[in-house]
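Grab a pencil and have the viewer ready. Here are some short exercises, each with a worked solution.

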Amino acid sequence: MSRHLLSAADLSRDDATLILDTAAELARIADRPIKKLPTLRGRTIVNLFYEDSTRTRTSFEAAAKRLSADVINFSAKGSSVSKGESLKDTALTLEAMGADGVVIRHEASGAPHRLSGWIKGSVVNAGDGTHEHPTQALLDAFTMRRHLGSLDGRRVAIVGDVLHSRVARSNVLLLKTLGADVTVVAPPTLLPVGIENWPCGFSYDLDAVLPKADVVMMLRVQRERMKSSFFPNAREYSRRYGLDVARMAMMPEQTIVMHPGPMNRGMEIAAEVADSERSVIVEQVANGVSVRMAVLYLLLGGSASAIGGPPVGAGVGVDSLADVGVGAGAEPAFAASANAPHPPDTGLRRRHTDAVVAAEFVEPQEVS
Ligand code: NCD
């Protein structure tokens, strides 16, 4: 069993369902006055962020803290990275300080995969370059399931800067696994070469796709990743691919609007749409905490000693969700208490595609 979550492609349908079901159990504690479980007591999680982030970093921090883990927030700005320290040396330093899990965001595609070969702890990909962002896809699927029930046969439109979007890549992979029917919509310049080989449909015509969609997920136009001009100007882009009130009226009544954030209001999404009743954007953020709790729980705590730490139930660490009163009355989602047999393999398996991605990652040159 893999100790890591590097790509949405690593998740089987059973894995993904286990994470989403566990997140649903954990979401219940968000309604309690004291939002804390002792599950990862004594474990240390490092948030290793080489790129700017608001919601993903704080969401992982909140998730780890709600599970009682110790959290170290590392931001590349203001660290020895500016003195030329490599990712490997930084990671080994943090591991020497006792990190059991590392949550990494990096501008290079493949960085989390490389990291997973260097350290003993679990690695969670919190966004690598234009490659993947698996926990975003999981929280999106969680949000969709809450509104639509099963995702089998549901039609999801992912609209905008697909070319630069790790969110789109992870969503296409995960939604396919969960049985949804995905169409990516963008101008031809913002769709990757080889899009016809992705496990989804594609279209250049947003107005044709909207009337059939159950979910419309808008993507941010990622100007910071654009090295040339991909469309004439912002107004032209918004006119063809922005979701405004008139376009929202073309969607079926129950269709939900999503956005991973941060939004460019007035560009890919009008403020009236972002703030409308169909928008579940704020809910996505709240769900992110529950989903990341589930991921950390299953990787670091839910399976016996996956990272070579003390055995489950040895005084520190893991309590089953039922032991701490989540899912009262029901079977624990994932029993891992001292007396319980080891839980089934969650099968968070790594696939060989990661090796291909890893080739993209180039270790920075040594600075003398
Ligand atoms: C996304 C990201 O950073 O990949 N945001 C997020 O994690 N919530 C999308 C984006 O930056 O546009």
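A crossing of two helices is left-handed if the near helix is turned anticlockwise from the far one by less than a right angle, and right-handed if clockwise. Helices (H or I, at least four residues) and strands (E, at least two) are DSSP runs, numbered from the N terminus. Residues are numbered from 1 along each chain as its sequence is written. You're working with a predicted model: local features need pLDDT of at least 70, side-chain atom pairs count only at pLDDT 80 or more, and totals for chains, interfaces and linings use all residues.

**Exercise 1. Work out how H5 and H11 pack, and what their contact is made of.**

Solution. Start with the axes, which are lines fitted to C-alpha atoms, for helices over the stretch in contact; angles run from 0 to 180 degrees between N-to-C directions. Those of H5 and H11 lie 8 Å apart, at an angle of about 115°. Next, the hand: H5 and H11 cross in a right-handed way.

Now the contacts, where two residues count if their C-beta atoms, placed from the backbone, lie within 7 Å. From H5 come Thr-135, Leu-138, Leu-139, Asp-140, Phe-142 and Thr-143, and they meet Glu-283, Gln-284, Asn-287, Gly-288, Val-291, Arg-292 and Val-295 of H11.

Last, sort by class: Ala, Val, Leu, Ile, Met, Phe, Trp, Tyr, Cys and Pro count as nonpolar, Asp, Glu, Lys and Arg as charged, and the others, Gly among them, as polar. The H5 contact with H11 comes out at 5 nonpolar, 5 polar and 3 charged residues.

**Exercise 2. Describe H1, then find what its buried residues pack against.**

Solution. H1 covers residues 13-27, so count 15 residues; its first and last C-alpha atoms are 21 Å apart, close to the 21 Å expected at 1.5 Å a residue. (The expected span is 1.5 Å times one less than the number of residues.)

For burial, a residue is buried if 20 or more other C-beta atoms lie within 10 Å of its own, exposed if 12 or fewer, and partly exposed in between, with C-beta atoms placed from the backbone. In H1 the buried ones are Asp-15, Ala-16, Leu-18, Ile-19, Leu-20, Thr-22, Ala-23, Glu-25 and Leu-26. They pack against H5 (134-148), H6 (166-177) and H11 (281-301).

Zoom in on H11: its axis and that of H1 come within 8 Å and cross at roughly 115°, again with H1 passing H11 in a right-handed crossing. Leu-18, Ile-19, Thr-22, Ala-23, Leu-26 and Ala-27 of H1 meet a set in H11 that includes Val-291, Ala-294 and Leu-298. The tally for H1 with H11 is 11 nonpolar, 2 polar and no charged residues.

**Exercise 3. Classify the H3 and H4 packing, and decide how enclosed H4 is.**

Solution. H3 (residues 87-96) and H4 (residues 111-118) have axes 10 Å apart, at about 50°. That makes H3 oblique to H4, because angles under 35 degrees count as roughly parallel, over 145 as roughly antiparallel, 65 to 115 as roughly perpendicular and the rest as oblique. The crossing is right-handed. Leu-87, Lys-88, Ala-91 and Leu-92 of H3 make the contact with Ala-111, Leu-115 and Trp-118 of H4. Their classes are 6 nonpolar, no polar and 1 charged.

As for H4, 6 of its 8 residues are buried, so H4 is largely enclosed by the rest of the structure. The buried ones are Ala-111, Pro-112, His-113, Arg-114, Leu-115 and Ser-116.

**Exercise 4. Is Lys-36 buried or exposed, and which residues does Lys-36 touch?**

Solution. Lys-36 sits in the loop between H1 and strand E1 (44-49). Count 12 other C-beta atoms within 10 Å, so Lys-36 is exposed. Skipping residues up to four places away in sequence, Lys-36 touches Arg-66 and Ser-68.

Follow Ser-68 to the loop between H2 (55-66) and strand E2 (70-75). Ser-68 has 16 other C-beta atoms within 10 Å, so Ser-68 is partly exposed. Phi of Ser-68 is near 70°, a positive value in a residue other than glycine.

**Exercise 5. Place Val-172 and list its contacts.**

Solution. Val-172 lies in H6. With 25 other C-beta atoms within 10 Å, Val-172 is buried. Beyond its neighbours within four places in sequence, Val-172 contacts Val-182, Val-184, Trp-198, Pro-199 and Cys-200.
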